[in-house]
Amino acid sequence: MNTTVNVSGMTCGHCVSSVKEELAEVPGVAAVDVELNAGGTSPVTIRSSRELSPEEISAAVEEAGYTVE
């Protein structure tokens with residue numbers, strides 16, 4: 001199952017790594033792909049074995065220091 005969200009605030013590779021790391025800790029997440037749009041809104045695609053709630057995704061992204069749009 002794929003879920004795509006838009007994340008704001010990422011500006012570099014370290015930002016991408018932080019978001020990937022936090023999302024990877026959510027149960028059921030198999031992979032995370034980020035298309036960095038520095039200074040803008042970056043699409044983040046999450047592949048998972050189950051449906052993820054918007055709250056789970058937002059909490060993980062916020063833990064990394066960014067915001068789901």
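**View 1. Surroundings of the buried residue E22 in the predicted model**. E22 is buried, that is, under 20% relative accessible area, where exposed means over 50% and partly exposed lies in between (1.4 Å probe, protein chains only). E22 has no salt bridge, a salt bridge being a side-chain nitrogen of Lys or Arg within 4 Å of a carboxyl oxygen of Asp or Glu. The nearest side chain of opposite charge is R50, 13 Å away; Lys and Arg count as positive and Asp and Glu as negative, while His and the chain ends are not counted. E22 lies in helix α1. With residues up to four places away in sequence set aside, E22 touches A60, E63 and A64, a contact being heavy atoms within 4.5 Å. The model is predicted, and local features need pLDDT of at least 70, side-chain atom pairs count only at pLDDT 80 or more, and totals for chains, interfaces and linings use all residues. Residues are numbered from 1 along each chain as its sequence is written, and side-chain values use heavy atoms, with hydrogens and water left out.

**View 2. The open sheet and helix α1**. Four strands form the sheet in the order β2-β3-β1-β4, with antiparallel pairing. The edge strands, each pairing on one side only, are β2 (29-34) and β4 (67-68). Helices (H or I, at least four residues) and strands (E, at least two) are DSSP runs numbered from the N terminus, and two strands pair if DSSP finds at least two bridges between them. Strands of a sheet pair through backbone hydrogen bonds, either parallel or antiparallel. Helix α1 (residues 13-24) lies across β2 and β3 (41-48) and runs at about 160° to β2. For this angle, axes are lines fitted to C-alpha atoms, for helices over the stretch in contact, and angles run from 0 to 180 degrees between N-to-C directions.

**View 3. Strand β1 and its two partners**. Seven bridges join β1 to β3, and these strands run antiparallel. N2 stands opposite R47 in β3. Strand β1 (residues 2-8) is joined to β4 by two bridges, again in an antiparallel arrangement. The bridge partner of V7 in β4 is V68.

**View 4. The hairpin of β2 and β3**. Six residues lie between the two strands of the hairpin, and G39 in the turn has a positive phi of about 80°. Five bridges join β2 to β3, which run antiparallel. A31 stands opposite R47 in β3. The covered face of β3 comprises S42, V44, I46 and S48, whereas T41, P43, T45 and R47 make up the uncovered face.

**View 5. The salt bridges D33–R47 and E56–R50**. The count comes to two salt bridges. D33 forms a salt bridge with R47, and the closest N and O atoms are 2.8 Å apart. This pair links distant parts of the chain, with D33 in strand β2 and R47 in strand β3, 14 residues apart. D33 counts as partly exposed because its relative accessibility is 34%, and R47 counts as partly exposed because its value is 37%. In the salt bridge of E56 with R50, the closest N and O atoms are 2.5 Å apart. E56 counts as partly exposed at 25% relative accessibility, and R50 counts as partly exposed at 31%.

**View 6. The cysteines C12 and C15**. A search of the whole structure finds zero disulfides, a disulfide being a pair of cysteine sulfur atoms within 2.5 Å. The closest cysteine sulfur to that of C12 belongs to C15, and the two are not bonded because 3.5 Å is too far for a bond. C12 is found in the loop between β1 and α1. C12 counts as partly exposed because its relative accessibility is 32%, whereas C15 counts as buried because its relative accessibility is 5%. The C-alpha atoms of C12 and P27, 15 residues apart along the chain, are separated by 26 Å.
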